[in-house]
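Here is a short briefing on the structure shown below. It covers charged pairs, sheets and two buried residues.

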Amino acid sequence: MSPLSELENRMARFHAQMDNKYPDWEYTAIFGKVNLYYFTGTMQDGVLLISKRDDAVFWVRNSYSRALDESTFNDIRPMESFRDAAKETTITGDTVYTETEVISYAHLQRFVKYFPFKHIASADRIIADVRSVKSEYELALMKKSGDIHRHVKEELVPDILREGMSEAELGTELYQIMIREGHQGIVRFGMFDTEVRMGHIGFGESSLYPSYFNGASGNRGIGPYAPVLGSPDRKLKYGDLVYLDVGCGYHGYQTDKTMTYMFGKSLPDEVIEMHYKCVDVQNAVASMLKPGMVPSLIYKTIMDDLDEDFKKDFMGYKERVVKFLGHGIGLQIDEMPVIAKGFDEPLAENMTLAIEPKKGIKDIGIVGIENTFVVTPKGGECFTGNNPGMILVY
């Protein structure tokens, strides 16, 4: 259960950022389940009304009793519909700020039917910025997720790889193991309409297949109707590269980690060399994860230092190359900030990021690494282990 002091601190930081950027704001309405959990400690269906002047109220449709059981939030009230909440709310101002990246048009129309705001504005960036800096409470949960992640990927996976198993079989076995070790059972993305069961699981060239979202690696999945988990047809063969980009979560908070394995024999020296160059890139980025460093400058510094040959198929394969080196992470895999062009706000202490330099190699697959770090004055501190990957499995 999220402590009341934690929820109060989050709300205070939200107010401070709204007051700074939008001094005339009056109301914010939160509908998204992840953001509701962040501010109230429960994911019940309803709306959190945050007023500039009065205490916030969480109006719950279903389940009110569960919300009371799970949450320490100060003011939780039941409603049958938005009509009930509107009757008890004094509406001030013409504009409501909300999650324009999350709420559907139809849902918003049901809300403004009873809350007749004239204008809709985005609170997405403010919420993202507040969530990007983690408290000690949040960091402790991410460290626990990282411990699970490291143990499973570095110590347990080699024992379950066997010739002839499919990617889908590996995915289901890995899922059971991770649940047993404490994984929360779900990996959450913020990208619009993106479903992810665990992450990307690929044998050999399979990891070069395009993903259906913006990522460096790929995944065929079960099929075009469910591009998740792994292929039931691609079987593990002697000499394959095994690529696992799989998220882990503990009590809501997630870490991201990619590990690679060589099944049965070592890959060619030039492939291993490319892999370890990605590891060097990760370590170079991690060394710059300090308060005050600017993500766009980190990205430029790293990319300017890479030779042109290495840049070919770096962070993807062929036409599918992404333009970032890492991303924020927390309640969702894809959070702020991003190590990429255009992200010019300086890093702050206790921001958390997944750094993932990777490179596609024809007929081999995606090599490289990913780990989750926290920003500290001494540089990035890793939560997910220091094994460089390319683990040889016999």
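E154 counts as buried, at 14% relative accessibility. Its salt-bridge partner is K257, with N and O 3.1 Å apart. K257 is buried too, at 0% relative accessibility. The model is a predicted one.

**Salt bridges**

- The structure contains 22 salt bridges.
- What does the pair E154 and K257 tie together? E154 sits in helix α7 (residues 136–160) and K257 in strand β9, so their salt bridge links parts that are 103 residues apart in sequence.
- R125 and D129 form another salt bridge, and their closest N and O atoms are 2.9 Å apart.
- R125 and D129 both belong to helix α6 (residues 124–132), where a spacing of 4 residues separates them by about one helical turn.
- R125 is partly exposed, at 37% relative accessibility. D129 is also partly exposed, with a relative accessible area of 23%.
- D240 pairs with R234 in a salt bridge, with 2.9 Å between the closest N and O atoms.
- Are D240 and R234 buried or exposed? Both are buried.
- D245, E356, K358 and E370 make up one network, joined by salt bridges that share partners.

**K359: a buried lysine without a salt bridge**

- K359 is part of strand β15 (residues 358–361).
- K359 is buried but forms no salt bridge. Which side chain of opposite charge is nearest to K359? That side chain is D313, at 5.5 Å.
- The cut-off for a salt bridge is 4 Å between a side-chain nitrogen and a carboxyl oxygen, so the 5.5 Å separation of K359 and D313 does not qualify.
- The K359 side chain does reach a backbone oxygen, that of K312, at 2.4 Å.
- Beyond its neighbours within four places in sequence, K359 contacts M274, C278, D309, F310, K312, D313, F314, M315, G316, G365, I366 and V367. K312 and D313 are thus listed among its contacts.

**The six-stranded sheet**

- This open sheet has 6 strands in the order β4-β3-β2-β1-β5-β6, and the pairing is mixed.
- Which strands stand at the edges? They are β4 (76–78) and β6 (119–122). Each has a single partner strand, so one side of each lacks a neighbour in the sheet.
- On average, neighbouring strands of this sheet are turned by 30° against each other, direction ignored.
- Strands β1 (residues 27–30) and β2 (residues 45–51) pair in the antiparallel sense, over 4 bridges. Y27 has S51 in β2 as its bridge partner.
- Helix α2 (residues 33–40) packs on the sheet and touches β1, β2 and β3 (57–62). Its direction makes about 55° with that of β2.
- Helix α1 (residues 4–21) lies across β1, β2 and β5, and runs at about 55° to β2.

**V96 in strand β5**

- V96 lies in strand β5 (residues 95–98).
- V96 has a relative accessible area of 1%, so V96 is buried.
- How many residues separate V96 and A29 in sequence? They are 67 residues apart in sequence, while their C-alpha atoms are 6.8 Å apart in space.
- Leaving out residues up to four places away in sequence, V96 touches Y27, T28, A29, F111, F117, H119, I120 and A121.
- Among these contacts, Y27 is the residue whose bridge partner in β2 is S51.

**The four-stranded sheet**

- The order of this open sheet of 4 strands is β7-β8-β9-β19, with mixed pairing.
- β7 (199–203) and β19 (391–393) are the edge strands, and each pairs on one side only.
- From one strand to the next, the twist averages 30°.
- Strands β8 (residues 241–250) and β9 (residues 253–263) pair in the antiparallel sense over 10 bridges. L244 has M259 in β9 as its bridge partner.
- Helix α8 (residues 167–181) lies across β7 and β8, running at about 30° to β8.
- Strand β9 also holds K257, the residue that connects with E154 of helix α7.

Definitions and conventions: Residues numbered from 1 in each chain as written. Predicted model: local features only at pLDDT ≥ 70, side-chain atom pairs only at ≥ 80, totals over all residues. Heavy atoms only, no water. Helix = DSSP H or I, 4+ residues; strand = E, 2+ residues; numbered from the N terminus. Buried < 20%, exposed > 50% of the residue type's maximum accessible area, 1.4 Å probe, protein only. Lys, Arg positive; Asp, Glu negative; His and termini not counted. Polar contact = N/O pair within 3.5 Å; in protein donor to acceptor, adjacent residues only side chain to side chain. Contact = heavy atoms within 4.5 Å. Pairing = 2+ DSSP bridges. Axes fitted to C-alpha atoms, helices over the stretch in contact; angles between N-to-C directions.
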